[in-house]
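Trainee: I should like to take a close look at a single part of this model and at what surrounds it. Would you please guide me through it in one connected account?

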Amino acid sequence: MKFEKLNENKLRITLNINDLANNNIDYQSFMANSQDTQKLFLDMLDRAEKEVGFVTKDYKIMIEALVTSNGDF
């Protein structure tokens with residue numbers, strides 16, 4: 001899992017299939033927005049705040065999920 005703060009309003013989080021497996025989530029559950037996936041997103045946002053200073057508390061956020069050519073997303 002990699003965090004990049006692109007600017008004050010944009011954050012890029014790169015995940016791979018191992019990151020999902022480490023959180024007991026499969027790809028289909030991830031793409032279906034399961035309860036486990038929602039918890040993972042909230043955990044990632046907390047971690048992003050600690051690691052790169054990206055604050056989301058009390059803000060609305062938009063998530064774009066894209067798959068890269070090497071299988072990361």
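Mentor: Asp72 touches Thr14, Leu15, Asn16, Leu66 and Val67, when its neighbours within four places in sequence are set aside; contact here means heavy atoms within 4.5 Å. Asp72 belongs to the segment after helix H3 (35-52), where helices (H or I, at least four residues) and strands (E, at least two) are DSSP runs numbered from the N terminus. Between the C-alpha atoms of Asp72 and Lys50, 22 residues apart along the chain, the separation is 23 Å.

This is a predicted model, in which local features need pLDDT of at least 70, side-chain atom pairs count only at pLDDT 80 or more, and totals for chains, interfaces and linings use all residues. Residues are numbered from 1 along each chain as its sequence is written, and side-chain values use heavy atoms, with hydrogens and water left out.

Two of the residues that Asp72 touches, Leu15 and Val67, lead to further features. Leu15 is one of the twelve residues of the largest nonpolar core, which also includes Leu20, Phe30, Leu40 and Phe73. Such a core is a set of buried Ala, Val, Leu, Ile, Met, Phe, Trp, Tyr and Cys residues joined through side-chain atoms within 4.5 Å; buried means under 20% relative accessible area, exposed over 50%, and partly exposed in between (1.4 Å probe, protein chains only). Within the core, Leu20 is in contact with Ile25, Phe30, Leu40 and Phe73, among others, leaving aside its neighbours within four places in sequence.

Val67, for its part, joins Ile17, Tyr27 and Met31 in a nonpolar patch on the surface, and together they have about 370 Å² of accessible area. Accessible areas come from the Shrake-Rupley method with a 1.4 Å probe, and for residues only the protein chains shown count as cover. Patches are made of residues with over 30% relative accessible area and no salt bridge (a side-chain nitrogen of Lys or Arg within 4 Å of a carboxyl oxygen of Asp or Glu); like charges are joined within 9 Å, and nonpolar side chains (Val, Leu, Ile, Met, Phe, Trp, Tyr) within 5 Å. Ile17 lies in helix H1 (residues 17-22) and counts as partly exposed because its relative accessibility is 47%.

Thr14, another contact of Asp72, is also touched by Glu4, as are Lys10, Leu11 and Arg12. Glu4 is in strand E1 (residues 2-7) and forms a salt bridge with Arg12, the closest N and O atoms being 3.8 Å apart. Arg12 is partly exposed, because its relative accessibility is 42%.
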